[in-house]
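Take a walk through this fold, one residue and one helix at a time. Keep the 3D view open as you read.

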Amino acid sequence: MNANSFILRVQGLAKTFRMFHLEATLHAFEDVSFDLSAGEFLLLRGHNGAGKSTLLRTIWRSYLPVAGQVLYQSRHGEIDLANAADVDIALLRREEIGFVTQFLNARPRVAAQDIVAEPLLLAGHERTAALEQARHWLDQFGVRRELWRAYPSTFSGGEQQKVNLARALILPQRLLLLDEPTASLDAGARAALVSRLAELKAQGVAMIGVFHHPGDVAQLIDREINLGTRVVAPAQHEEPQYVAV
Ligand SMILES: Nc1ncnc2c1ncn2[C@@H]1O[C@H](COP(=O)(O)OP(=O)(O)O)[C@@H](O)[C@H]1O
Ligand SMILES: [Mg+2]
């Protein structure tokens, strides 16, 4: 295969957690390998605790793996996310790789439209145009107009999720990691999300997603990976648990 035909190549990836109180090692996932090309959508399946969120967080580099590589073809060249410097990871998170969950990091006294517009402003867009786009996406995800200038820290859980999605998906990135972003959303917002994901996929955004109801995204799925049963083994050695970024 041509080295540049994938945007992400995960090879032999494994993550364990030391459970000191049990003197045991929990294998969250082992020997995961796959390639992902631009515009491809990979569905992650598996029972509760199968390691789906941990795999996404390891690719996002909140966790360091104990084995394997996460080769990513960035605009600046190939980089192993498992070994990259924190400063490079921070830059990729701003410019190329997105992580979408159901949770909004609502800061006090920042209006919904400003939270949503922020990724555009950081990318150098002009303020009036960025706010206009922010209001467009708030509207698409079903956030009422009266709330656009209000502070999301007081919003309902569902309203916060919608603000979160508008912000996470306003700026097309090259790789999107989605961890159950539709959990407890109403039907209108779920439909808006699927239509935005379809649009991003058509623009070449690669995606890895976990969905509580995969039927919602059936039309987007190119491939599936099923994470198997985990193993708890006696402790053998120490390994890094977290990194700071
Ligand atoms: N930070 C952590 N420390 C210890 N164990 C963890 C940590 N995060 C996840 N786990 C364990 O790893 C396993 C996989 O969790 P997770 O990836 O959240 O599963 P899923 O998303 O598939 O439901 C679970 O048994 C969970 O308890
Ligand atoms: Mg999970």
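Is G39 buried or exposed? This is a predicted model, and the answer is computed from it. G39 is buried, because its relative accessible area is 13%, and the cut-off for buried is under 20%. Its place in the chain is the loop between strand 2 (24-36) and strand 3. Now look across the sequence. G39 and G204 are 165 residues apart along the chain, yet their C-alpha atoms are separated by 3.9 Å. G204 is also one of the contacts of G39. The others, leaving aside neighbours within four places in sequence, are K201, V205, A206 and D222.

Go next to strand 1 (residues 8-19), where L8 is found. L8 counts as buried because its relative accessibility is 0%. Its contacts, not counting residues up to four places away in sequence, come from several stretches of the chain. F34, D35 and L36 touch it, as do I59, V70, L71, Y72 and L81. L175 and I208 complete the list. A C-alpha to C-alpha distance also links L8 with a residue further on: D80 is 72 residues away in sequence and 9.6 Å away in space.

Helix 5 comes next. It covers residues 157-169, 13 in number. From first C-alpha to last it reaches 18 Å, close to the 18 Å expected at 1.5 Å a residue. How many of its residues are buried? The count is 10 of 13, so by the under-20% cut-off helix 5 is mostly covered. E159, Q160, Q161, K162 and N164 are among the buried residues. So are V163, L165, A166, A168 and L169.

What do these buried residues pack against? The partners are strand 6 (97-100), helix 3 (112-122), helix 4 (127-140), strand 7 (175-179) and helix 6 (187-202). N164 is one residue of helix 5 to inspect. It is buried because its relative accessible area is 9%. Leaving out residues up to four places away in sequence, N164 touches T101, Q102, F103 and L104.

Now turn to the pairing with helix 6. Two packed helices are described by the angle between their axes and the distance between those axes. For helix 5 and helix 6, the angle is about 10° and the axes lie 11 Å apart. That angle is why helix 5 counts as roughly parallel to helix 6. The residues of this contact divide into six nonpolar, no polar and two charged. On the helix 5 side they are K162, L165 and L169. On the helix 6 side they are A189, L193, R196, L197 and L200.

In soluble globular proteins, nonpolar side chains tend to be buried together. Which residues touch the most other members of the largest nonpolar core here? They are V163, L169 and L197, in a core of 40 residues. Strand 3 (41-45), helix 3, helix 4, helix 5, strand 7 and helix 6 each give two or more residues to this core. Helix 6 supplies the largest share, six residues.

Finish at L197. Beyond neighbours within four places in sequence, L197 is in contact with L169, L176 and L178. M207, F211, V217 and L220 are also in contact with L197. Apart from this core lies another, of 37 residues. L55, I59, L92 and I97 are among its members. I59 has appeared before, as a contact of L8.

Note on methods
Residues are numbered from 1 along each chain as its sequence is written. Chains are lettered from A and ligands numbered from 1 in the order in which they are written. This is a predicted model: local features need pLDDT of at least 70, side-chain atom pairs count only at pLDDT 80 or more; totals for chains, interfaces and linings use all residues. Side-chain values use heavy atoms; hydrogens and water are left out. Helices (H or I, at least four residues) and strands (E, at least two) are DSSP runs, numbered from the N terminus. The expected span of a helix is 1.5 Å times one less than its number of residues. Buried means under 20% relative accessible area, exposed over 50%, partly exposed in between (1.4 Å probe, protein chains only). Contact means heavy atoms within 4.5 Å. Axes are lines fitted to C-alpha atoms, for helices over the stretch in contact, and angles run from 0 to 180 degrees between N-to-C directions. Angles under 35 degrees count as roughly parallel, over 145 as roughly antiparallel, 65 to 115 as roughly perpendicular and the rest as oblique. Ala, Val, Leu, Ile, Met, Phe, Trp, Tyr, Cys and Pro count as nonpolar, Asp, Glu, Lys and Arg as charged, and the others, Gly among them, as polar. A nonpolar core is a set of buried Ala, Val, Leu, Ile, Met, Phe, Trp, Tyr and Cys residues joined through side-chain atoms within 4.5 Å.
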